[in-house]
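Here's a quick tour of a single-chain model, with the overall numbers and a handful of residues worth a look. Have the viewer open while you read.

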Amino acid sequence: MNYESPKLIFKNIPSGKIGWCSPSNIALVKYWGKKGLQLPSNPSLSFTLNKSQTETIIDFSPAENNKCNISFFLEGIPNTKFAEKISGFFSRIINIFPFLDQLDIKIYSKNTFPHSAGIASSASGMSALALALCDIENQYFESFSTEKEFFRKASYVARLGSGSACRSIYGGLVNWGKAEGINNSSDYFGHEIRDNINPVFEDFQDSILIIDAGQKKVSSTIGHNLMKTNPFSSGRFIQANKNLQSLLSAVKYGDLEEFVRIVELEALTLHSMMMTSSPYFLLMKPQTISVIEKIWEYRKETNVPVCFTLDAGPNIHMLYPYDYKERVIDFINTELIKYTVNNSVIHDRVGSGPAKIAI
Ligand code: PMV
């Protein structure tokens, strides 16, 4: 599959502003390991979040010298590191959007969650950017005949920026990666799962406990690459496919016990993969383990179906049904808050996906 389109060149180069707001997502079945051009070694499944979003506005005007000139502002402050990152990304997608070389581009980006929260902003950031680029194409070339085509291309482009970003293009429960039994699943873009979802999962909550707000210890690019030599990777990829099927069935039948089991197994397997790679990484902190043990104790005592998951870092996402919100927040405030940095908890939930910013 290929979106290269040499005809997308402006006859009259415009000026304008386009913006999109896009959420982060939390994987239930983890993508860890990739092949080819940013294609996943196993299918994954995530919840799109609601509050944790990136707002990105692209301000474009005719380029002065036929080469896209990029400036990037994070929370209003020029950021050359991000500008370089975006410049690398644009060189990878220039055959998809050849008009980019006709434009000078200023990107204004801000996160609705604190920048220092240690939450990965690459999924929300890259998906917002991909949507804004597809929207420029839509506005000036009218190349999409349906919304579905528009979002599919945005997901394809977001994937090239950051794999998991392709799932943030859609709301609710999203799959990425060819998987048995999921019609339209693809390694190239995300796919919204709409059917066979028990209502208990429609307003699922995600309370994010910030255990460490520092920079990532290992970049996901390095982490994914380590799966090429990890001795357990082939078993892991088989397991992820199996876990995906079991999780879809748990979601269909509202089986919270099975949901909890698979989500936690996936989180710990992701970290096991990092601990068994060469070089190896330990990304949990002592506080991460303490919180996990407290959650296990609490679940055993109360039967409240709350579970944890982790990204490639020490912060904890606590997932639970809406009906238990008050009790879980009370548990967090009394027993878990002491393990966080400066009492940082973000009470988020499953969200409906990106939205265009009215400018
Ligand atoms: O999208 P990347 O390359 O940052 O990788 C994300 C990997 C995990 O967050 C650990 C898992 C996932 O599926 O989101």
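## Charges and surface

How far apart are the mean positions of the positive and negative charges of the chain? They sit 5 Å apart, with 36 positive and 35 negative charges going into the two means. Keep in mind that this is a predicted model.

As for the surface, the accessible area of the chain comes to about 16,300 Å². Carbon and sulfur atoms own 50% of that.

## Overall build

The chain carries 8 helices and 14 strands. Lay it along its principal axes and the C-alpha atoms fill a box of roughly 65 × 45 × 40 Å. The radius of gyration is 20 Å, which agrees with the value near 21 Å that a compact globule of 359 residues would have.

Buried residues make up 56% of the 359 in the chain. Contacts lean on the long range, too: among those with a separation of 6 or more, 76% link residues 24 or more positions apart.

## Two domains

The domain assignment splits the chain into domain 1, residues 16-197, and domain 2, residues 200-349. Their C-alpha centres lie 24 Å apart. Where the two domains meet, 34 residues of domain 1 are in contact with 43 residues of domain 2.

## Lys-110 on a strand

Lys-110 belongs to strand S7, which runs over residues 103-111. Is this residue buried or exposed? Neither, really: its relative accessibility is 43%, so Lys-110 counts as partly exposed.

Leaving aside residues up to four places away in sequence, Lys-110 touches Gln-53, Thr-54, Glu-55 and Glu-75. For a distance check, try Met-126, which is 16 residues from Lys-110 along the chain. The C-alpha atoms of that pair are separated by 12 Å.

## Asn-241 on a helix

Asn-241 is part of helix H5, residues 233-253. With a relative accessible area of 32%, Asn-241 is partly exposed.

Which residues does Asn-241 touch, if you skip those up to four places away in sequence? That would be Asn-42 and Pro-43. Val-304, on the other hand, is 63 residues from Asn-241 along the chain, and their C-alpha atoms are separated by 28 Å.

## Backbone oddities in the loops

Now for a few backbone angles to check in your viewer. The peptide bond from Ser-278 to Pro-279 is cis, with omega near 5°. Pro-279 lies in the loop that joins helix H6 (256-275) to helix H7 (286-302).

Then there are two asparagines with positive phi. Asn-303 isn't a glycine, yet its phi is about 65°. You'll find Asn-303 in the loop between H7 and strand S11 (307-310). Its relative accessible area is 64%, so Asn-303 is exposed, the cut-off for that being over 50%.

Asn-342 also has a positive phi without being a glycine, near 50°. Its home is the loop between helix H8 (325-336) and strand S13 (345-349). Asn-342 has a relative accessibility of 73%, and therefore counts as exposed.

Conventions: Residues numbered from 1 in each chain as written. Predicted model: local features only at pLDDT ≥ 70, side-chain atom pairs only at ≥ 80, totals over all residues. Heavy atoms only, no water. Helix = DSSP H or I, 4+ residues; strand = E, 2+ residues; numbered from the N terminus. Rg over C-alpha atoms; globule rule 2.2 N^0.38 Å. Buried < 20%, exposed > 50% of the residue type's maximum accessible area, 1.4 Å probe, protein only. Contact = heavy atoms within 4.5 Å. Areas by Shrake-Rupley, 256 points an atom, 1.4 Å probe, with all protein chains shown as cover. Lys, Arg positive; Asp, Glu negative; His and termini not counted. Charge placed at Lys NZ, Arg CZ, Asp CG, Glu CD. Domains from an automatic or database assignment.
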